[in-house]
Amino acid sequence: MELWQEMLRQSVDSGKDLVDRFGFDKELADRLNKLFHIRINPYYLSLIRYPGDPIWLQCIPDAVELEDRNAPEDPLNEDADSPVPSITHRYPDRALFLVTSQCSMYCRFCTRKRKVSDSTKINAKWIQQGLDYIAAHPEIRDIVLSGGDPLMVTDYVLERILSSLREIPHVEIIRLGTKMPCVLPQRITPKLVKMLKKYHPIYVNTHFNHPWECTPEAEKACALLADAGCPVGNQAVLMKGVNDDPDVMLELHRKLLKMRVRPYYIYQADLTKGTNHFRTPVRKGLEIMDKLRGHTSGLAVPYYVIDAPGGGGKIPLLPQYVLGRNGKDIILRNFKYEIYTYPDVEEEQPEPQLVVETKYRRRRRLTEKKVVPNEPVKRELEPVGK
Ligand code: SF4
């Protein structure tokens, strides 16, 4: 057994653990564990500094989860775009391929709670169905392996999936959506990255939400991936009490760049059942973007997006930089709120086309009948019964 697997075995993963370690009431602990399974591996647990801190909030259940029962289970309507249970095919040229329901830490804010942690939701038969679906759809050139966390499967199983994908000629790009570099960096081993190298181009999208997660262990994991030629991007989720502070986000994104991780998205929290307490006003996200752009390297500035409820896809949001127009000038403001004018290019109006009338056209025009607009036809009404 590898170290990461041994660490997983030592996870906090039951209502009883919550009672013994954190003093939860037994009935409450059982209800929360039933609502969404608990799993916190010892590495992530060690990052907690005090009860209720940004790490705690992400992994320790909260009684408020039980109150939020009206939100949808599938806010992004992924299941409507699932031709087979392991595939979501929403965009023309790419597909999401779920290869496991397991994660090394069950995040209390997870969008895919309806599937994650439930081992009956993804099985080997469905993985094969997913491969068959991708092979039968030549328009799919980009695969996002997800779950759960695709690095929860063994290197052997992962290699079987990757090699099967690489046998499909139209699959150009493979992306791994994994939280492992953040929550269990010991999973990123020299053996794993040596295997990944065989199946390039492989991109990795990981998921850090707070600067305290940028540890030496996480840095080493990201370096292993980057050295193996996998570009690593980060998708953070904006959450109340975790990172809804411009200074925290600035620190996080600067640290990520130092770890060779390119900030990619900040997601507005989804409307998933049991997660409402994490949601923040959109104004907060715009304020954070305002604090990033211009105040740090452009490389550290991600897109702030709302994944539109119901399956509309990601919609980017930006603070207002264009203030208006004065004639042909555009009025802009910069990151210091200084006003600038930019002379826009005046677009040329298309000139009216000169039509040379040929002899033939002229004759046709003169002989054409004048079209008289249809007039209502007046009819004599006949007496009924004639
Ligand atoms: S690692 Fe990802 S899929 Fe797993 S619980 Fe966390 S957010 Fe959900």
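The following paragraphs go through two sheets, two helices and a nonpolar core of a predicted model.

The first topic is the sheet of 9 strands. This sheet is open, has mixed pairing, and follows the order E1-E2-E3-E4-E5-E6-E7-E8-E9. Strand E1 (87–91) and strand E9 (313–317) are at its edges; each has a single partner strand, so one side of each has no neighbour in the sheet. From one strand to the next, the twist averages 30 degrees. Within this order, E6 and E7 run parallel and are joined by 7 bridges. Gln235 is found opposite Tyr265 in E7.

Two helices can be placed relative to these strands. Helix H12 lies across E6, E7, strand E8 (303–308) and E9, and runs at about 155 degrees to E7. Helix H11 covers residues 246–258, and its 13 residues reach 19 Å from the first C-alpha to the last, close to the 18 Å expected at 1.5 Å a residue. Its buried residues are Met249, Leu252, His253, Lys255 and Leu256. Why do these residues lie on the same side of H11? They cover an arc of only 160 degrees around the axis, which puts them on the same side of the helix. Asp247 and Lys258, on the other side of H11, are exposed. The packing partners of the buried residues of H11 are strand E6 (232–238), strand E7 (261–268) and helix H12 (282–292). After H11 comes Arg260, with a positive phi near 65 degrees.

The nonpolar core is the next topic. The largest such core contains 83 residues, and those with the most contacts inside it are Tyr44, Cys59, Phe97, Met105, Tyr106 and Leu225. Helix H10 (residues 216–227) gives the most to this core, contributing 5 residues. For Tyr106, leaving aside residues up to four places away in sequence, the residues touched are Phe36, His37, Ile38, Arg39, Val116 and Ser117.

The remaining sheet is built from 3 strands. It is open, with the order E10-E11-E12 and antiparallel pairing. Strand E10 (322–326) and strand E12 (339–343) are the edge strands, each pairing on one side only. Neighbouring strands in this sheet are turned against each other by 25 degrees on average, with direction ignored. Strand E11 (residues 329–333) pairs with E12 over 5 bridges in the antiparallel sense. Which residue in E12 is the bridge partner of Leu332? The partner is Tyr340.

How values were computed
Residues are numbered from 1 along each chain as its sequence is written. This is a predicted model: local features need pLDDT of at least 70, side-chain atom pairs count only at pLDDT 80 or more; totals for chains, interfaces and linings use all residues. Helices (H or I, at least four residues) and strands (E, at least two) are DSSP runs, numbered from the N terminus. The expected span of a helix is 1.5 Å times one less than its number of residues. A residue is buried if 20 or more other C-beta atoms lie within 10 Å of its own, exposed if 12 or fewer, and partly exposed in between; C-beta atoms are placed from the backbone. The arc is that of the directions from the helix axis to the C-beta atoms. Two residues are in contact if their C-beta atoms, placed from the backbone, lie within 7 Å. Two strands pair if DSSP finds at least two bridges between them. Axes are lines fitted to C-alpha atoms, for helices over the stretch in contact, and angles run from 0 to 180 degrees between N-to-C directions. A nonpolar core is a set of buried Ala, Val, Leu, Ile, Met, Phe, Trp, Tyr and Cys residues joined through C-beta atoms within 7 Å.
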